[in-house]
Amino acid sequence: MAGWYHVNLLPWLILVVCLIITYLAWMDAQHDAAQVLQTRFDYQVREVASDIDKRMKTYEQVMRGVDGLFAHADTVRREEFRDYIARLHLKESYPGIQSVRFVPIVPRAGKDRHIAAVRKEGLPAYTIWPDGQSDIYAPVVYAEPNDERNRQVFGYDMLSDLESPRPGDSGVGLRHMAMEQARDFGNISISGKIRLVFEIDKDRQAGFVMFLPVYKHDSPRETLADRRANIIGWICSVFRAGDLMQGLLGERTSEIDIEIYDGEEVSGKTAMYDANPLVQHLHPRFRSLQRISV
């Protein structure tokens with residue numbers, strides 16, 4: 001009986017060993033495949049973060065080029081501003097920028113004179129809005145390209161969102177604070193997540209504005225007092241986050257989901273962009289959180 005068991009058990013023992021070896025080989029193959037996927041995923045994450053950083057630096061240079069219009073002139077006419085922006089071919093070359101604006105500082109004492117002057121330039125309905133009393137205003141005077149969306153913002157006082165908060169903004173006074181920061185540091189500053197003035201219910205996107213201060217021609221700006229005394233306005237680039245990211249990412253979102261949040265908080269309140277909203281209901285195999293300082 002012992003021999004019978006020995007003869008008949010041996011094939012099963014061999015079969016079990018073979019199965020174990022096959023399983024281990026399969027596990028190794030799965031592990032290698034997972035490593036390849038992880039490496040590919042990590043590379044895509046780094047690439048996307050780098051591309052966002054490079055693209056924002058490119059847009060910063062666009063604004064500095066616009067600032068060059070004001071660097072050697074006391075005034076820049078509407079036609080000069082329009083021609084310069086038209087040569088940039090924003091939609092083709094810089095997707096995501098909805099408009100480039102010039103926003104001058106208008107003191108209360110010069111408000112009526114300013115409105116009358118702009119109306120003579122071919123904008124008969126121009127006024128500064130929302131209506132309110134302030135020591136200074138910063139209305140949108142130039143906004144290019146001259147399309148339907150941008151025509152809605154003429155006269156909007158971009159400093160007003162502190163006293164008159166805009167519905168849909170993620171905080172109060174985000175434009176106002178970014179403009180003051182740009183003025184005081186003499187550099188680019190970006191607002192938090194806002195709802196752009198021209199946004200409507202159809203195809204609504206989160207937005208933000210990038211500001212660059214413009215100072216008087218040949219004026220000193222070494223100190224904080226100099227910069228506050230000699231600022232004449234701001235150049236603004238207005239972005240729709242969805243258009244910006246789609247132009248930047250292209251077809252990469254067919255493989256990975258990319259979400260952008262404003263600041264440290266990850267929530268619906270701070271969500272700027274989500275390439276694939278349905279992914280949040282799934283369980284992604286890989287996930288990465290990257291902080292980008294813009």
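In this predicted model, strand β6 (residues 207–215) and strand β7 (residues 231–240) are joined by nine bridges and run antiparallel. A helpful place to find this pairing in the structure is Val 214, whose bridge partner in β7 is Gly 233. The two strands belong to an open sheet of five strands, and the order across this sheet is β4-β1-β7-β6-β5, with antiparallel pairing. At its edges stand β4 (142–144) and β5 (189–190); each has a single partner strand, so one side of each is left without a neighbour in the sheet.

The other pairings can be followed strand by strand. On one side of β7 lies the pairing with β1, which is antiparallel and extends over seven bridges. Here Pro 104 has Gly 233 of β7 as its bridge partner. Gly 233 is therefore a handy residue to look for, being the β7 partner of Val 214 and also of Pro 104. Towards the β5 edge, two bridges join β5 to β6, and these strands too run antiparallel. In that pairing, Ser 189 is matched with Phe 211 of β6.

How much of β6 is buried? Nine of its nine residues are, so β6 is largely enclosed by the rest of the structure. In a regular strand, side chains alternate between the two faces of the sheet. For β6, both faces are covered. One side carries Gly 207, Val 209, Phe 211, Pro 213 and Tyr 215, the other carries Phe 208, Met 210, Leu 212 and Val 214, and all of these residues are buried. The neighbouring strand β7 is also largely enclosed by the rest of the structure, because nine of its 10 residues are buried. Helix α6 (residues 174–185) lies across β1, β5, β6 and β7, and the helix runs at about 35 degrees to β6.

Just before β7 comes a residue worth a closer look. Asn 230 is found in helix α7 (residues 224–230). This asparagine is buried, with a relative accessible area of 11%. Leaving aside neighbours within four places in sequence, Asn 230 is in contact with Val 214, Tyr 215, Lys 216, Ser 219 and Pro 220. Two of these contacts, Val 214 and Tyr 215, have already appeared among the buried residues of β6.

A second buried residue is Lys 111, which is found in helix α4. Its relative accessible area is 13%. Not counting residues up to four places away in sequence, Lys 111 touches Val 106, Ile 128, Asp 131, Gly 132 and Tyr 137. Of these, Tyr 137 is 26 residues from Lys 111 along the chain, yet the C-alpha atoms of the two are separated by 8.1 Å.

The empty spaces of the model complete the picture. The second largest pocket has a volume of about 470 Å³. Which residues lie closest to its centre? Of the 20 that line this pocket, they are Thr 75, Val 76, Phe 102, Pro 104 and Tyr 142. The elements giving two or more residues to the lining are α2 (78–88), β1 (97–104), β2 (106–107) and α4 (111–120). Helix α4 gives the most, with three residues. By type, the lining of the second largest pocket divides into 12 nonpolar, three polar and five charged residues.

Cavities were searched for as well. Over the whole structure, one cavity of 30 Å³ or more was found. The space in the largest cavity is about 40 Å³. Which residues line the largest cavity? They are Arg 101, Tyr 156, Met 158, Arg 175, Ile 194, Leu 196, Val 197, Val 209 and Val 238. Seven residues of this lining are nonpolar, none are polar and two are charged. One of the lining residues, Val 209, is also one of the buried residues of β6.

Conventions
Residues are numbered from 1 along each chain as its sequence is written. This is a predicted model: local features need pLDDT of at least 70, side-chain atom pairs count only at pLDDT 80 or more; totals for chains, interfaces and linings use all residues. Side-chain values use heavy atoms; hydrogens and water are left out. On a 1 Å grid over the protein atoms alone, a cavity is a set of points where a 1.4 Å probe fits but cannot get out, and a pocket is an open set with protein on both sides within 12 Å along at least five of seven lines; lining residues have an atom within 4 Å of a point. Grid points are joined across faces, edges and corners, and a volume is the space filled by probe spheres set on the points. Helices (H or I, at least four residues) and strands (E, at least two) are DSSP runs, numbered from the N terminus. Ala, Val, Leu, Ile, Met, Phe, Trp, Tyr, Cys and Pro count as nonpolar, Asp, Glu, Lys and Arg as charged, and the others, Gly among them, as polar. Two strands pair if DSSP finds at least two bridges between them. Contact means heavy atoms within 4.5 Å. Axes are lines fitted to C-alpha atoms, for helices over the stretch in contact, and angles run from 0 to 180 degrees between N-to-C directions. Buried means under 20% relative accessible area, exposed over 50%, partly exposed in between (1.4 Å probe, protein chains only).
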